[in-house]
Amino acid sequence: MQDYLVEQFELYKERIAEIPQETMPEGRFADFFVSAAEYINYVIKVREELGGDGSYKGSEDLQVLNEKLFKGLYGEDYERSYANPDYADSVFGSYSKPLQFLAAELHMLPQLIYDGKDEELVILLELFIEIYCNFLAEEKPLIKTIEEAVYYWAFDYADIFAEDRIREIFIPQDNLPKKIVMEADLSDISYLYRYGEMITDSEIRLAEFMNKLSEEEIESMASTFTGGFRRGFVTMNVDFDSRKTVSIRYFIGQERMVRAAVKKFEAMGLGVILSRYSVSRVIRKGIGKQGFVNLSAPRQFEYDHRMDDAIFFDRKFCDRKLSVIRAAYEKYADDISGYGGPAVIECFGEKDFEPVAKDTSITYTDKQQELSVYMSREEGMLREEFLPGDSYSFTIIAFPVPDIGDDFEAVFRETVNINTLDSSVWTKIHQHIIDVMDRAAYVKVEGSGSNRTDMKIIMRKLADPDRETQFENCVADVNIPLGEVFTSPVLKGSGGLLHVSSVYINGLQFKNLSIEFEDGMVKSYSCDNFDDTEKCKAFIDDNILFHHKTLPLGEFAIGTNTFAYDMGRRFDIMAKLPILIMEKTGPHFAVGDTCYSHAEDTKVYNPDGKEIISRENDFSLLRDTEPEKAYFNCHTDITIPFDELGRLYAVYEDGNEVDIIRDGRFVLVGTEKLNEGIDGVK
């Protein structure tokens with residue numbers, strides 16, 4: 001810790017230690033500040049007993065220590081936590097929002113001490129003391145005074161949070177996750193407690209299972225993963241030799257595979273970046289996490305605080321944040337220019353979670369929602385300026401976790417098999433589908449039974465059918481497992497109703513999701529998650545539209561991995577499959593940008609040598625003339641499973657129709673093998 005930070009830290013430490021002995025004018029706030037001070041004192045004590053690799057030198061049992069650090073975020077404890085908006089509102093009344101924000105930010109203290117982020121630690125203690133002193137001095141300080149304390153804290157220190165985040169996601173460091181992954185004795189499960197994250201039976205069982213796998217199995221999984229990343233550069237026609245780094249995002253418990261992947265990436269000449277997700281709401285938005293994360297995250301807590309930045313989010317703060325992000329990009333421009341992209345290990349099968357929408361949570365105003373869209377667009381343009389979308393690639397793979405149920409080990413091994421299906425077989429099958437749809441005027445997708453889907457997708461007319469195609473023949477590279485053909489639809493004329501009975505998107509279940517499109521744009525939407533229709537619309541607006549008034553159809557695809565579908569049905573885990581796998585189990589549509597976002601000018605070819613010309617739409621066409629209108633910076637897939645599908649067929653200019661799928665089965669000549677997976681469903 002630098003000298004000036006040491007001095008500030010010691011002063012704050014001493015001041016906070018005094019709080020439990022002091023008397024506040026207004027009794028209802030006393031318990032919050034006293035309990036918070038006692039928690040801070042405990043965290044500081046733990047900090048003094050930590051090694052730089054997250055090892056604990058104190059005498060407390062590791063599990064007990066872990067539970068104390070994260071007390072108040074789970075189960076019944078959360079019901080009476082000051083970070084719970086409902087409870088905070090019942091105690092604090094009109095002071096609820098700034099104080100629940102403070103309570104939530106204090107819960108990031110464990111991550112700060114384990115990561116050795118002394119400056120951010122001191123900054124947070126400063127905010128706590130400032131707000132406490134306001135309440136100590138007056139029985140009822142002005143609410144505006146407390147809100148301004150939070151506002152100017154976020155505003156003044158945005159540069160520190162932003163620079164730290166840019167540095168840790170783009171530059172390899174000898175940091176905590178690197179030390180754990182590459183140096184820890186992974187056979188000793190106690191290494192899990194070195195992360196500074198809540199560790200439960202879920203993480204322990206996953207790590208124990210990974211330890212049972214042979215070296216050959218681990219190597220095979222890592223090879224599939226890293227090989228997909230490398231092949232992605234070939235598929236996307238991106239230069240690999242100029243890439244210097246790759247970031248691995250993973251779940252705690254997957255370290256054996258991550259270690260093997262790090263070695264393989266390093267053998268490719270890439271420096272590997274491992275980092276924690278962003279924890280402070282000064283930088284982090286929504287419920288998404290990028291970095292290493294735990295399986296047992298407090299999801300209701302995170303959902304409750306997904307818009308906490310609304311406390312300080314105005315145009316002035318937005319401009320300030322954009323300026324400090326630009327400054328950070330400029331400072332690390334050389335490092336950023338060599339970034340190769342993210343390599344993501346997802347998981348699926350977590351415990352079911354249905355969020356409770358609370359009126360007491362901090363939420364955006366209509367004006368802030370519009371500003372959020374502006375902020376997202378400007379951040380996207382900044383990123384494109386320093387890291388063009390056609391200069392890097394990515395890969396994503398997914399594995400189940402023990403919470404999926406008693407069949408976990410069987411599902412895991414089945415997933416490994418699905419991830420390694422023969423690409424050459426699917427390439428040929430896909431070509432039959434592409435050949436039919438390339439000649440079509442439009443494609444129709446119709447649901448069956450209770451599924452009300454009725455979608456029409458307009459196709460482009462190819463100028464040179466011998467050299468051009470509309471659909472990408474997608475096998476196992478950036479998206480593992482293999483199995484889809486996709487295109488960027490023509491917007492004008494495309495539309496209809498998209499309906500699914502249940503789908504998980506970013507870990508959230510949507511029940512009876514319906515989206516109506518007109519000329520390729522979202523017209524209306526609904527779901528059955530809540531009794532209140534307005535809450536249902538807000539749920540979709542927050543997590544699918546991301547506060548855009550509308551979004552275009554960015555993708556139309558046909559998933560062809562019927563063996564993944566078979567696995568989902570056989571083990572009764574369809575509802576738990578991640579989008580990565582679910583999108584391969586039926587036709588799907590994406591709202592938002594196209595799959596070629598920011599890389600439209602890079603020519604891409606299928607294995608047959610044909611150029612994929614459907615790389616843009618009416619919006620991305622504006623990228624050079626009106627870049628602020630070209631992109632939406634989101635892309636969300638929604639899949640119709642085969643058992644909800646009535647008919648998918650191509651319609652030609654002369655009115656002739658060619659069926660590709662009928663009653664949930666592939667009927668097009670040359671696609672018969674795909675029915676092996678469908679027929680395998682018991």
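**Reading the labels, one residue at a time**

Me: Where is P481 placed?
Reply: P481 is in the loop between β8 (472–474) and β9 (484–487). Bear in mind that this is a predicted model.

Me: Which kind of peptide bond leads into P481 from I480?
Reply: The bond from I480 to P481 is cis. Its omega is near 15 degrees.

Me: What does I480 touch in helix α12?
Reply: T224 is in contact with I480. T224 has its place in helix α12 (residues 215–235). Leaving out residues up to four places away in sequence, T224 also touches R231, I397, N419 and T420.

Me: Why is T224 called buried?
Reply: The cut-off for buried is under 20% relative accessible area. T224 has 16%, so T224 counts as buried.

Me: And why is M198 called buried?
Reply: The relative accessible area of M198 is 12%, and buried means under 20%, so the label fits. M198 lies in a loop, between α10 (176–183) and α11 (201–212).

Me: What makes up the surroundings of M198?
Reply: Residues up to four places away in sequence are not counted here. M198 then touches N66, E67, F70, Y74, E203, N294 and S296.

Me: How far is M198 from I16?
Reply: Their C-alpha atoms are separated by 25 Å. Along the chain, M198 and I16 are 182 residues apart.

Me: How do you know that the span of helix α15 agrees with its number of residues?
Reply: Helix α15 (residues 315–331) has 17 residues, and at 1.5 Å a residue it should span 24 Å. The expected span is 1.5 Å times one less than the number of residues. The end C-alpha atoms of α15 are 24 Å apart, so the two values agree.

Me: What happens at the start of α15?
Reply: A side-chain oxygen of D314 reaches to within 3.3 Å of the backbone nitrogen of K316.

Me: Which residues of α15 are buried, and what do they pack against?
Reply: The buried ones are F317, C318, K321, L322, V324, I325, A328 and Y329. They pack against α9 (143–170), α16 (333–337) and α17 (366–386). Why can a helix have a side like that? An α-helix has 3.6 residues a turn, so residues three or four places apart point the same way.

Me: What about helix α20?
Reply: In α20 (residues 533–545), the buried residues are C536, F539, I540, D541, D542, N543, I544 and L545. At its start, a side-chain oxygen of D532 comes to within 2.8 Å of the backbone nitrogen of E534. F546 follows α20 and has a positive phi, near 50 degrees.

Me: What links Q509 to α20?
Reply: Q509 is in contact with F539, one of the buried residues of α20. Q509 itself is in strand β11. At 15% relative accessible area, under the 20% cut-off, Q509 is therefore buried.

Me: What makes the pair Q509 and S502 a polar contact?
Reply: Their side chains make the contact at 2.9 Å. The limit for a pair of N or O atoms is within 3.5 Å, so that distance qualifies.

Me: Why is D519 called partly exposed, but D663 exposed?
Reply: Exposed means over 50%, and partly exposed lies between 20% and that value. D519 has 36%, so D519 counts as partly exposed. D663 has 61%, so D663 counts as exposed. D519 lies in the loop between β11 (508–518) and β12 (521–526). D663 lies in the loop between β18 (657–662) and β19 (665–666).

Me: Which backbone angle is notable in D519 and D663?
Reply: Phi is positive in D519, about 50 degrees, although D519 is not a glycine. In D663, also not a glycine, phi is positive and near 50 degrees.

Me: Why is K576 called partly exposed?
Reply: Its relative accessible area is 22%, which is not under 20% and not over 50%, so K576 is partly exposed. The side chain of K576 makes a polar contact with the side chain of D352 (2.8 Å). A polar atom of that K576 side chain also lies 3.3 Å from the backbone oxygen of E350.

Me: Which residues line the second largest cavity?
Reply: The lining has 21 residues, and Q111, Y277, R284, F301 and E302 lie nearest the centre. Eleven residues of the lining are nonpolar, four polar and six charged. The volume of this cavity is about 230 Å³.

Conventions. Residues numbered from 1 in each chain as written. Predicted model: local features only at pLDDT ≥ 70, side-chain atom pairs only at ≥ 80, totals over all residues. Heavy atoms only, no water. Helix = DSSP H or I, 4+ residues; strand = E, 2+ residues; numbered from the N terminus. Buried < 20%, exposed > 50% of the residue type's maximum accessible area, 1.4 Å probe, protein only. Contact = heavy atoms within 4.5 Å. Polar contact = N/O pair within 3.5 Å; in protein donor to acceptor, adjacent residues only side chain to side chain. 1 Å grid on protein atoms, 1.4 Å probe; cavity = no way out; pocket = protein on both sides within 12 Å on 5 of 7 lines; lining within 4 Å. Points joined across faces, edges and corners; volume = space filled by probe spheres on them. Nonpolar A, V, L, I, M, F, W, Y, C, P; charged D, E, K, R; others polar.
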